[in-house]
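Please open the structure in your viewer and keep the sequence panel beside it. The tour below proceeds by selection, moving from strands to a helix and then to aromatic rings.

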Amino acid sequence: MLRTASWPRWGRTLLARGLGSRRGGSAPDQNGKVSEIKKKIQSVLPGGAWNPLYDTSYLPPEHSDVVIVGGGVIGLSVAYWLKRLEKPRGAIRVLVVERDHTYSRASTVLSVGGIRQQFSVPENIQLSLFSIEFLRNINEYLAVVDDPPLDIQFNPSGYLLLASEKGAALMESNVKVQRQEGAKVCLMSPEQLRNKFPWINTEGVALASYGMEHEGWFDPWCLLQGLRRKVQSMGVLFCHGEVTRFISSSNHMETRSGEELTLKRIHEVHVKVDHSLEYQPVECAIVINAAGAWSGQIAQLAGIGKGPPGTLQGTKLPVEPRKRYVYVWHCPQGPGLETPFVIDPSGVYFRREGLGNNYLGGCSPTEEEEPDPGNLEVDHDFFQDKVWPSLAQRVPAFETLKARSSWAGYYDYNTFDQNGVVGPHPLVINMYFATGFSGHGLQQAPAVGRAVAEMVLQGHFQTIDLSPFLFSRFYLGEKVQEHNIV
């Protein structure tokens, strides 16, 4: 009731506003400091032309219709679709705030770049089907005049999921749903599996599902840079800084049952820019929380979850950083160029990397094994104890593999049901979420960006109905049961 009353109003407000910004000049080079200082002194003397004494080009604008917190692939996708779907052109000013301008800790570039339709929830399948169409035709979407075309190096080798006797019935059920949604997936018996992939040891495998089209892996960095280049050409503004505070107004109301609710609307975002102790206030109409593994912290800044336990106001955004390891190894006798992205019943996964008999893979730890997310150090014992034994059991050639390198990255882990959170908050009525994908955000980013833009501009989902992914499910206790989480 509250959302339907509020969304269209903010959508109309957003389109009606044409807020300007004040942005400064350029910084002097090292060799010309003295002359530049003289010029600036002269500029403030009577009769002198005015020039600002300080460079402010690094600051965000004072006003922006939409502030997107998080400049990874999800946030950039939201920015892209907002600008693509806006009417008229140039109607919306969009600011993206990203604190890690090198993206050295970003989930996007530290992922393994997979995309699949082999999920159990229809909405997840639809998101990935939309995204693969976007990726396969990426230059129709992200081409920029006079810039070279993008090559995301998509490898269409498919996904191969293996099931034990215990998981075979569930796999059959999942594949039925996938086919109903339009995914091209086939089931394979152990004998069929050995015939097609003779390097696999089928011991303990009762059934396999294989993606015949639109599955594989691609270069995440290329997608990130392609989106960033495109949205900049569309007029999206960027700021390297950290959101530290929200200024909001409140209205109090009662539900039919007599429960008191406080509705909030964010008016201002405070951004602390790099190498500065001060913040820049940015007036805004809409805030998009696309801060990935740190989106739970951003939600807390907005007051989300700060209420009595068991109430809507006391319901937190259950997204936190979880560290995941990726290992790279070399094996001259390993599987060949036709190798798909393999997911073992043990949870161990691997895929080929390049043409030189290199592979990468890993495994999600159990709850008891969850590592400290405070750093991105790699636990090499985890590979020796948990990953390698399963690899060697499934692919005998991997018994002689040589570990080459490794890295760690973050999942924006939804502790409630490991699925995305998409759409507005029911009480902080102009904060929208695009987070919590728990490892499959990269592959769903193009579709999620469009869904959020539709909700902001139209007040409802249009292309794909993502109502099951709304924030309200946390309060209602309605989990989205996705069985194929890696």
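Begin by selecting S9 and S10 in this predicted model, where the two strands run antiparallel and are joined by 5 bridges. Within this pairing, Val-271 has Gln-280 of S10 as its bridge partner. Follow the chain around the turn and you will find that S9 and S10 make a hairpin with 5 residues between them, in which His-275 adopts a positive phi of about 60 degrees.

Now keep S9 (residues 260-273) displayed and add S8, since these strands are also antiparallel and are joined by 13 bridges. Select Val-243, which stands opposite Val-271 in S9; this is the Val-271 whose bridge partner in S10 is Gln-280. S8 and S9 form a hairpin too, with 5 residues between the strands, and there Gly-258 takes a positive phi near 95 degrees.

From S10 (residues 279-289), move to S1, which pairs with S10 in the parallel sense over 6 bridges. Zoom in on Val-69 and you will see it standing opposite Asn-289 in S10. S1 also pairs with S2 (residues 94-98), again in the parallel sense, over 4 bridges, and here Val-67 has Leu-95 of S2 as its bridge partner. To trace how the chain gets from S1 to S2, colour helix H3 (residues 73-85), through which the chain crosses in a right-handed β-α-β crossover. Is S1 enclosed by the rest of the structure or left open? Of the 7 residues of S1 (residues 63-69), 6 are buried, and the strand is therefore largely enclosed by the rest of the structure.

Next, select Ser-107, which sits in the loop between S2 and strand S3 (114-115). With a relative accessible area of 27%, Ser-107 is partly exposed. Draw a distance from its C-alpha atom to that of Gly-72, and the separation should read 7.7 Å, although the two residues are 35 residues apart along the chain.

The next stop is helix H8 (residues 220-233), whose 14 residues span 20 Å from the first C-alpha to the last, close to the 20 Å expected at 1.5 Å a residue. Look at the N-terminal end, where Asp-219 acts as a cap, with a side-chain oxygen lying 3.1 Å from the backbone nitrogen of Trp-221. Beyond the helix comes Gly-235, which has a positive phi near 100 degrees.

How many of the 14 residues of H8 are buried? The count is 10, so H8 is largely enclosed by the rest of the structure. Among these buried residues are Cys-222, Leu-223, Leu-224, Leu-227 and Val-231, and the charged-type names Arg-228, Arg-229 and Lys-230 appear in that list as well. To see what surrounds them, display H3, helix H4 (122-136), helix H5 (138-142), strand S8 (237-254) and helix H11 (441-458), against which the buried residues of H8 pack.

Stay in H8 and select Arg-229, which has a relative accessibility of 19% and therefore counts as buried, the cut-off being under 20%. Leaving aside residues up to four places away in sequence, Arg-229 touches Leu-142, Val-144, Asp-147, Pro-148 and Leu-150.

Finally, turn to the aromatic rings, of which the model has 26 pairs. Start with Tyr-325 and Tyr-327, whose ring centres are 6.1 Å apart and whose planes meet at 50 degrees, so the pair is tilted. Tyr-325 and Tyr-327 are both buried.

Then select Phe-350 and Phe-398, an edge-to-face pair with 5.2 Å from centre to centre and 85 degrees between the planes. This pair links distant parts of the chain, 48 residues apart, with Phe-350 in strand S13 (residues 349-352) and Phe-398 in the loop between helix H10 (380-394) and strand S15 (402-414). Phe-350 counts as buried at 3% relative accessibility, and Phe-398 is buried with a relative accessible area of 0%.

To close the tour, show the cluster that ring pairs build from Phe-197, Trp-199, Tyr-210, Tyr-325, Tyr-327, Trp-329, Phe-350, Tyr-359, Phe-382, Phe-383, Trp-388 and Phe-398.

Conventions: Residues are numbered from 1 along each chain as its sequence is written. This is a predicted model: local features need pLDDT of at least 70, side-chain atom pairs count only at pLDDT 80 or more; totals for chains, interfaces and linings use all residues. Side-chain values use heavy atoms; hydrogens and water are left out. Buried means under 20% relative accessible area, exposed over 50%, partly exposed in between (1.4 Å probe, protein chains only). Two strands pair if DSSP finds at least two bridges between them. A crossover is right-handed if, with the strands pointing away from the viewer, the path from the first strand over the helix to the second runs clockwise. The expected span of a helix is 1.5 Å times one less than its number of residues. Contact means heavy atoms within 4.5 Å. A polar contact is a pair of N or O atoms within 3.5 Å; within protein, one must be able to donate a hydrogen and the other to accept it, and residues adjacent in sequence count only if both atoms are side-chain atoms. Rings of Phe, Tyr and Trp (its six-membered ring) pair if their centres lie within 6.5 Å; planes under 30 degrees apart count as stacked, over 60 as edge-to-face and the rest as tilted.
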